[in-house]
Amino acid sequence: MTDLVGVPLWLLVVLAGLALLAALEWLLLPSVRWYFRRKVRHVMNEISTRFRIELPEFKLTRRRALLDRLTTDARVLAAVQQQVIESGVPRDVLIQRVHRYAGELVPACNAHVYVRSGA
C-alpha cells in the first residue's frame with residue numbers, strides 16, 4: 001500500500017491563495033499596467049496635440065528610472081570620486097549615501113503631481 005501524506009485543508013487554502021496572488025502579480029498585473037499605461041500615453045498625446053501642451057518627459061517617468069538617472073549622472077559620480085579623494089571614505093559607502101539621498105529627493109508619488117503641488 002502507498003502511504004499518502006495528508007495536508008490540512010487550511011494549509012491547502014493558504015497555499016492556493018498564495019499561488020493565486022503570485023500568478024496575478026507575475027502574469028496578469030504587468031499586462032494590465034501595460035494596457036493602462038498605453039491608454040494614458042494615448043490620452044496625453046491627444047491632449048498635447050489639442051491644447052499644444054508639452055509635458056516634460058521627467059514628469060511622466062517612473063520613480064525607479066529617475067533614481068537610476070540621478071545616481072548614475074556623470075557629475076554625481078565625479079563628485080563622489082572627488083569626495084573619495086578628499087575624505088578617504090570608501091567609494092561603496094559614498095555610493096550608498098548617494099542612493100539614500102536620491103531616494104529622499106525623488107518623490108515617491110507622480111513627479112508631475114509633486115511638482116505642481118509645490119510640495
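Start by selecting I95 in this predicted model. Leaving aside residues up to four places away in sequence, I95 touches L77 and V80.

Now add V84, L94 and V98 to the selection of V80 and I95; these five residues make up the largest nonpolar core. Colour helix 3 (74-87) and helix 4 (91-105), since each of these helices supplies at least two residues of the core. Which helix gives the largest share of this core? Helix 4 does, with three residues.

Next, go to T71, which lies in helix 2 (residues 63-71). Is T71 buried or exposed? T71 has a relative accessible area of 6%, and because buried means under 20%, T71 is buried. Show what surrounds T71: not counting residues up to four places away in sequence, T71 touches V76, L77, V98, H99 and A102. Then look at the polar side-chain atoms of T71. One such atom lies 2.9 Å from the backbone oxygen of L67. The backbone oxygen of D68 lies 3.4 Å from a polar atom of the T71 side chain.

Finish with the charged side chains. Side chains of opposite charge can pair when their charged atoms come close. The count of salt bridges comes to two.

Select E25 and R33 for one salt bridge, with 3.8 Å from N to O. E25 is partly exposed at 40% relative accessible area, and R33 is partly exposed at 39%.

Then select D73 and R75, whose closest N and O atoms are 3.5 Å apart in a salt bridge. Here D73 is partly exposed, with a relative accessible area of 26%, whereas R75 is exposed, at 69%.

Conventions: Residues are numbered from 1 along each chain as its sequence is written. This is a predicted model: local features need pLDDT of at least 70, side-chain atom pairs count only at pLDDT 80 or more; totals for chains, interfaces and linings use all residues. Side-chain values use heavy atoms; hydrogens and water are left out. A nonpolar core is a set of buried Ala, Val, Leu, Ile, Met, Phe, Trp, Tyr and Cys residues joined through side-chain atoms within 4.5 Å. Buried means under 20% relative accessible area, exposed over 50%, partly exposed in between (1.4 Å probe, protein chains only). Helices (H or I, at least four residues) and strands (E, at least two) are DSSP runs, numbered from the N terminus. Contact means heavy atoms within 4.5 Å. A polar contact is a pair of N or O atoms within 3.5 Å; within protein, one must be able to donate a hydrogen and the other to accept it, and residues adjacent in sequence count only if both atoms are side-chain atoms. A salt bridge is a side-chain nitrogen of Lys or Arg within 4 Å of a carboxyl oxygen of Asp or Glu.
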